[in-house]
Structures are given as C-alpha cells and as structure tokens.
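This report walks through one structure, beginning with the surface beside a DNA strand and then turning to the interior. Please keep the sequence and the 3D view open while reading.

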Amino acid sequence: MKDTTQRKDWFETVYEIVRQIPKGKVTTYGRIAELIGTRGSARMVGWAMNKAHNQLPKVPAHRVVNRLGVLTGKHHFANPMAMQKALEKEGIKIVKDQIVNFEKHLWQPSEK
DNA sequence: ACCGTGACTGGCA
DNA sequence: ATGCCAGCCACGG
C-alpha cells in the first residue's frame, strides 16, 4: 500500500517517536531508527529532525542526541545553546556538549 | 534520472 | 587508544 496517503509515513513515524519522549529524558538516533525498523539508518533520523523544524506539533529534537550523549545537532537549532539550555531546563546537566549521566536520562521505550 | 549530502553507528587498521 | 572507512535510507539539486 503505497498510496499518497502513506507517503509521509516514514518521517511522521520518527516525529511520533520523538514526541513520545517524556520530559527530562533523552534518546539516541540509532535507538529511534531501530524502533522504526530501519536500524542503521540513524542518519535519516537526524535528517528527519532537521525537517522536523517545520513540523507541528513541534518535535523535541533537543531530546535526541547521538549514542555518546553528545549534542551533535545543537548547531542545527536556531541557537546552538538553545538545545543545551532546554535540556538543562528539564533537569539534564550538560558538560562540554555532553549529557552527564547520559544513560540515566536515556529514555527506554520499553513501555511502548 | 543520477550524484551528493546528512543532527549516525559500528567495525577494522 | 585513536582514526578512518563503509553501510544505511531518504531528499535536494
């Protein structure tokens, strides 16, 4: 079924997952990619985030980091510090663009 | 229609 | 231990 109605399914799936991230939690691109079923295409997830900038409702891309817990995409935000600041506002501490206790804040979609 | 790029990841040298 | 390369899928020019 590849009707036009399902065209945006892939991107929308990414957004949907990212929106499911609870406040004060973070996840990785690879993790999301794996949830989608396209494990290995973590790049696409990040790219989807780039496009998510125009998506509604807004996607908490600031809660998505690479597997090292580093804010790799901070430079893609309107303001690079906006990402770090947003995370700190959620209770996440960041040092040198890296999340402290990354695994502790890592969102685990075990419940979904 | 083809090539290059991209907010990643994992493996090999 | 550190660095480089290849794989992955989708979109833009």
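Which element gives the most to the surface near DNA strand C? In this predicted model, that element is helix 3, spanning residues 42-52, which gives three residues to the surface. The full set of residues around DNA strand C consists of Phe11, Gly40, Ser41, Arg43, Met44 and Trp47. Of the atoms of DNA strand C that come within 4 Å of the protein, 45% belong to sugar and phosphate.

Helix 3 also takes part in a pocket, since named here as the largest one, with a volume of about 350 Å³. Five residues of its lining come from helix 3, and this is the largest share. The lining has 18 residues in total, and those that lie nearest the centre of the pocket are Met49, Asn50, Ala61, His76 and Phe77. The table sets out the make-up of the two sets of residues by class.

| Set of residues | Nonpolar | Polar | Charged |
|---|---|---|---|
| Surface near DNA strand C | three residues | two residues | one residue |
| Lining of the largest pocket | 10 residues | seven residues | one residue |

The interior can be described next. The largest nonpolar core has 16 residues, and Val14, Val18, Ile32, Met49 and Val64 are those with the most contacts inside it. Helix 1 (9-19), helix 2 (29-36) and helix 3 are the elements that give two or more residues to this core. A second core, separate from the largest one, has 10 residues, including Val65, Ile92, Ile94 and Phe102.

Val64 deserves a closer look. When its neighbours within four places in sequence are left aside, Val64 is in contact with Val18, Ile21, Thr27, Thr28, Tyr29, Ile32, Met49 and Met83.

One of these partners, Thr27, lies in strand 1, which covers residues 27-28. Is Thr27 buried or exposed? Thr27 has a relative accessible area of 1%, and because this is under the 20% limit, it counts as buried. Apart from residues up to four places away in sequence, Thr27 touches Ile21, Ile32, Arg63, Val64, Val65, Leu106 and Trp107.

Arg31, by contrast, has its place in helix 2, and its relative accessibility of 30% falls between the limits of 20% and 50%, so Arg31 counts as partly exposed. Although Arg31 and Asn66 are 35 residues apart along the chain, their C-alpha atoms are separated by 9.3 Å.

Definitions and conventions
Residues numbered from 1 in each chain as written. Chains lettered and ligands numbered in written order. Predicted model: local features only at pLDDT ≥ 70, side-chain atom pairs only at ≥ 80, totals over all residues. Heavy atoms only, no water. Near = heavy atom within 4 Å. Helix = DSSP H or I, 4+ residues; strand = E, 2+ residues; numbered from the N terminus. Nonpolar A, V, L, I, M, F, W, Y, C, P; charged D, E, K, R; others polar. Core = buried A, V, L, I, M, F, W, Y, C linked by side-chain atoms within 4.5 Å. Buried < 20%, exposed > 50% of the residue type's maximum accessible area, 1.4 Å probe, protein only. Contact = heavy atoms within 4.5 Å. 1 Å grid on protein atoms, 1.4 Å probe; cavity = no way out; pocket = protein on both sides within 12 Å on 5 of 7 lines; lining within 4 Å. Points joined across faces, edges and corners; volume = space filled by probe spheres on them.
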